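Subject: Structure handover

Hello,

I am passing on the structure we discussed, with notes on what turned up in it. Please look at it first and then read on.

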Amino acid sequence: MHDEPIDPFNGDPADPAAGLHDPGDEDALDPLTEVERQDVLEDLADLEIYQALLQPIGVRGLVIECEDCREPHYFDWDLLRGNLRHLLNSGRPRVHEPAYDPDPDHYVSWDYARGYADGVHDTLTEGTDDSAEE
């Protein structure tokens, strides 16, 4: 199984994109710093928690405001996980496109997901804090 789509013209002398610049030809990007790598690993761990809590109530993924195009991008759980793993492995983000006609009602922001998870955590530990004080 491939993380990236397979190029149907790979090795074809009539490749219509043969004259275009190959981003793989660019100088290699600096690898992620240890801090950046840790941030991505934490995002992956958080994503697992958010999906476990939010998917059962109908949330399909997260929406992220794109800094480049200033448009919201809707990512299903698996796509976002794949993008984070790709960043972790390659040191560069994937090229992205907005999802086709997503229903914004089924996506939440990172901040919302984090707040929801914190609320669930606080609710679950609330009873244990009271009994520890007694």
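**What was found**

E36 is located in helix α1. The model is a predicted one, so please read everything below with that in mind. E36 is partly exposed, at a relative accessible area of 37%. Its C-alpha lies 9.5 Å from that of G91, a residue 55 positions away in sequence. G91 comes after helix α2 and has a positive phi, near 80 degrees.

**The chain as a whole**

The protein chain has three helices and three strands. Followed along the sequence, they come in the pattern α-β-β-α-β-α. The chain has 134 residues, and 22% of them are buried. About 10,200 Å² of the chain is exposed, and carbon and sulfur atoms account for 51% of that area. Among contacts with a separation of 6 or more, 66% are between residues 24 or more positions apart.

**Helix α1**

Helix α1 covers residues 34–54, which is 21 residues. From first C-alpha to last it reaches 30 Å, close to the 30 Å expected at 1.5 Å a residue. Which residues of α1 are buried? They are V40, L44, L47, Y50, Q51 and L54. These residues lie on the same side of α1, because the arc they cover around the axis is only 130 degrees. As background, an α-helix has 3.6 residues a turn, so residues three or four places apart point the same way. On the face turned away from the buried side, α1 carries the exposed residues E34, V35 and A52.

Two neighbours at the end of this helix are worth a look. L53, also in α1, is partly exposed, with a relative accessible area of 25%. Leaving out residues up to four places away in sequence, L53 touches Y116, A117 and V120. L53 and Y116 are 63 residues apart along the chain, and their C-alpha atoms are separated by 8.3 Å. L54, one of the buried residues of α1, is in contact with V59, W77, V108, Y112, A113 and Y116, leaving aside its neighbours within four places in sequence.

**Helix α2**

Helix α2 has 14 residues and reaches 20 Å from its first C-alpha to its last, close to the 20 Å expected at 1.5 Å a residue. Its buried residues are W77, L80, R81, N83, L84, H86, L87 and L88. Is R81 buried or exposed? R81, in helix α2, is buried, because its relative accessible area is 9% and the cut-off for buried is under 20%. Apart from residues up to four places away in sequence, R81 touches L44, L47, E48 and Q51. Of these, L44, L47 and Q51 are among the buried residues of α1.

**The strands**

Strand β1 (residues 61–65) pairs with strand β2 (residues 72–76) in the antiparallel sense, over five bridges. Within this pair, L62 stands opposite F75, and V63 has Y74 as its bridge partner. The hairpin of β1 and β2 has six residues between the strands, and R70 there takes a positive phi near 60 degrees.

How do β1 and β3 run, parallel or antiparallel? Strand β3 (residues 107–109) runs parallel to β1, and three bridges join them. G61 stands opposite Y107 in β3.

**The core**

The largest nonpolar core has 17 residues. Which of them touch the most other members? They are Y50, L54, L62, W77 and L80. Two or more residues of this core come from each of α1, α2 (77–90) and α3 (110–133). In soluble globular proteins, nonpolar side chains tend to be buried together. Y50 and L54 also appear among the buried residues of α1, while W77 and L80 are among those of α2. L54 and W77 are in contact with each other. L62 is the residue that stands opposite F75 in β2.

If you are opening the model for the first time, L54 is a convenient place to start, with its contacts to W77 and Y116.

Regards

How values were computed: Residues are numbered from 1 along each chain as its sequence is written. This is a predicted model: local features need pLDDT of at least 70, side-chain atom pairs count only at pLDDT 80 or more; totals for chains, interfaces and linings use all residues. Side-chain values use heavy atoms; hydrogens and water are left out. Helices (H or I, at least four residues) and strands (E, at least two) are DSSP runs, numbered from the N terminus. The expected span of a helix is 1.5 Å times one less than its number of residues. Buried means under 20% relative accessible area, exposed over 50%, partly exposed in between (1.4 Å probe, protein chains only). The arc is that of the directions from the helix axis to the C-beta atoms. A nonpolar core is a set of buried Ala, Val, Leu, Ile, Met, Phe, Trp, Tyr and Cys residues joined through side-chain atoms within 4.5 Å. Contact means heavy atoms within 4.5 Å. Accessible areas come from the Shrake-Rupley method with a 1.4 Å probe; for residues, only the protein chains shown count as cover. Two strands pair if DSSP finds at least two bridges between them.
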